[in-house]
Amino acid sequence: MEAGASYQRFPKVKVRELKDDYLKFELRDTDASVANALRRVMIAEVPTIAIDLVEIEVNSSVLNDEFIAHRLGLIPLTSERAMSMRFSRDCDACDGDGQCEFCSVEFHLRAKCMTDQTLDVTSKDLISSDHTVVPVDFSDALGGDDSSEQKGITIVKLRRGQELRLRAIARKGIGKDHAKWSPAATVTFMYEPEIHINEDLMETLSLEQRQSWVESSPTKVFEMDPNTEQVVVIDPEAYTYDDEVIKKAEAMGKPGLVEIYAKEDSFIFTVESTGAIKSSQLVVNAIEVLKQKLDAVRLSEDTVEADDQFGELGAHMRGG
Amino acid sequence: MEHTSFGDQRNATFSFAEEDHTLANALRFSLNQDPQVIFCGYSIPHPTKAQVNVRVQTTDKEARVILKDACQGLMQMCQHIRGTFDKVVNDFRTKNPSGNHPSQDMDSD
């Protein structure tokens with residue numbers, strides 16, 4: 001590794017905003033490939049738990065069985081346990097029908113409408129066999145009144161006499177296999193913009209021209225200081241790389257009025273979680289998953305050197 | 001995840017099953033930073049097959065040693081990000097104790 005140390009970089013991190021389901025942070029001194037790997041892992045490869053198998057005992061609701069099963073799958077479940085759980089396909093403690101504690105969690109739902117009032121069956125009616133894996137509670141995040149009844153996610157509505165009774169098995173999975181396992185609502189990163197106003201050129205503009213230039217930006221990046229009548233950058237990150245202000249400057253006959261660069265080694269990440277995993281934990285888990293991938297490559301390399309298994313590729317390379 | 005090479009150990013194509021751009025692009029970048037690498041690129045032979053081929057050509061070391069170093073380097077970087085991130089999140093939480101309780105935020109609004 002003596003050669004490695006010379007060119008390797010050690011990124012910096014700064015947290016801007018942190019909530020259970022929202023995180024904004026800066027990642028500096030690294031490359032887009034790393035930032036993108038992190039983003040892709042968060043969306044598609046961090047494991048969570050979601051309902052995957054549903055046995056319907058009674059369903060006299062207006063929705064058909066598979067419709068309800070699909071809806072159940074999409075309900076986010078608290079998945080702190082997911083990283084240490086097994087995939088049911090790799091579980092050797094059970095025969096894969098998902099009834100063992102290592103790879104699955106059982107849920108029961110029983111609801112019957114006995115009154116003339118419509119009964120809402122929600123995620124709150126799902127009874128879990130494991131208190132650490134339960135439907136995500138949004139009552140905090142939505143900021144609902146404490147007095148109003150806390151509602152879960154509506155699954156189906158029942159009228160008098162209709163009934164829903166089912167057993168569901170939740171399993172560990174990743175977003176690559178089905179989006180229901182994705183812990184991320186959105187994960188984005190942007191390059192940090194660097195905006196330089198050419199003050200000398202700006203001086204040559206009249207007040208109205210400055211005002212109309214400031215207004216040409218679709219997002220509020222610039223502002224006219226009311227006292228000094230100077231154009232100032234108030235929020236560089238509001239810039240969406242739309243080039244509108246640059247085009248405007250050219251149209252006004254003042255090319256070079258502003259120069260905007262994307263800093264190619266600074267990223268601003270926005271992570272929104274579905275609630276299955278806390279946003280900060282989501283980032284940590286993503287790094288862990290990425291490390292596991294790298295480890296797998298390193299280790300498999302030591303053990304296998306199999307031309308035979310890749311006959312097609314081997315032949316192709318020998319031929320060409 | 002297998003590895004194919006023959007003859008000259010400095011030039012090799014590594015084939016990773018069940019991997020995609022996530023790993024390959026980061027690896028490619030990291031390899032291209034290495035002055036001992038003459039060429040590195042990756043391809044996904046078919047979009048429905050979960051497989052990537054990473055081509056590595058080096059100046060004198062074995063390609064697979066270089067690949068391993070690149071993995072190690074990325075690994076250290078991940079470790080570093082993780083360490084930094086944990087620290088920064090902790091600092092943030094101690095500075096803004098209400099930050100992780102959205103309900104309290106609502107009250108103060």
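A cavity is a set of grid points where a 1.4 Å probe fits but cannot get out. The exercises below apply this to a predicted model.

**Exercise 1. Find how many cavities of 30 Å³ or more the whole structure holds, then describe the second largest.**

Step 1. Search the whole structure. Two cavities of 30 Å³ or more turn up.

Step 2. Take the volume. The second largest cavity fills about 40 Å³.

Step 3. List the lining. Chain A supplies A:Leu290 and A:Leu294. Chain B supplies B:Thr22, B:Leu23, B:Ala26, B:Leu74 and B:Cys78.

Step 4. Assign elements. Those giving two or more residues to this lining are α8 (279-303) of chain A, and α1 (21-33) and α2 (63-95) of chain B. The top contributor is α1(B), with three residues.

Step 5. Sort by class. Six lining residues are nonpolar and one is polar. None is charged.

**Exercise 2. Work out how α1(B) and α2(B) are oriented to each other, and which residues make their contact.**

Step 1. Choose the descriptors. Two packed helices are described by the angle between their axes and the distance between the axes.

Step 2. Read both values. The axes of α1(B) and α2(B) come within 9 Å. They cross at roughly 110°.

Step 3. Classify the angle. The range 65 to 115 degrees counts as roughly perpendicular. The helices α1(B) and α2(B) are therefore roughly perpendicular to each other.

Step 4. Name the contact residues. From α1(B) come B:Ala26, B:Leu27, B:Ser30 and B:Leu31. From α2(B) come B:Ile66, B:Leu67, B:Ala70, B:Cys71 and B:Leu74.

Step 5. Sort by class. Eight residues of this contact are nonpolar, one is polar and none is charged.

Step 6. Link back to Exercise 1. B:Ala26 and B:Leu74 belong to this contact, and B:Ala26 and B:Leu74 also line the second largest cavity.

**Exercise 3. Describe the largest pocket and explain why it lies between two domains of chain A.**

Step 1. Take the volume. The largest pocket has about 660 Å³.

Step 2. Count the lining. There are 25 residues. Nearest the centre lie A:Glu45, A:Ile174, A:Lys176, A:Lys293 and B:Glu18.

Step 3. Find the main contributor. With four residues, α8(A) gives the largest share.

Step 4. Sort by class. The lining holds 12 charged, 10 nonpolar and three polar residues.

Step 5. Place the pocket. Domain 1 (4-44 + 269-316) and domain 2 (48-181) of chain A both give lining residues, so the largest pocket lies between them.

Methods. Residues numbered from 1 in each chain as written. Chains lettered and ligands numbered in written order. Predicted model: local features only at pLDDT ≥ 70, side-chain atom pairs only at ≥ 80, totals over all residues. Heavy atoms only, no water. 1 Å grid on protein atoms, 1.4 Å probe; cavity = no way out; pocket = protein on both sides within 12 Å on 5 of 7 lines; lining within 4 Å. Points joined across faces, edges and corners; volume = space filled by probe spheres on them. Nonpolar A, V, L, I, M, F, W, Y, C, P; charged D, E, K, R; others polar. Domains from an automatic or database assignment. Axes fitted to C-alpha atoms, helices over the stretch in contact; angles between N-to-C directions. Parallel < 35°, antiparallel > 145°, perpendicular 65-115°, else oblique. Contact = heavy atoms within 4.5 Å.
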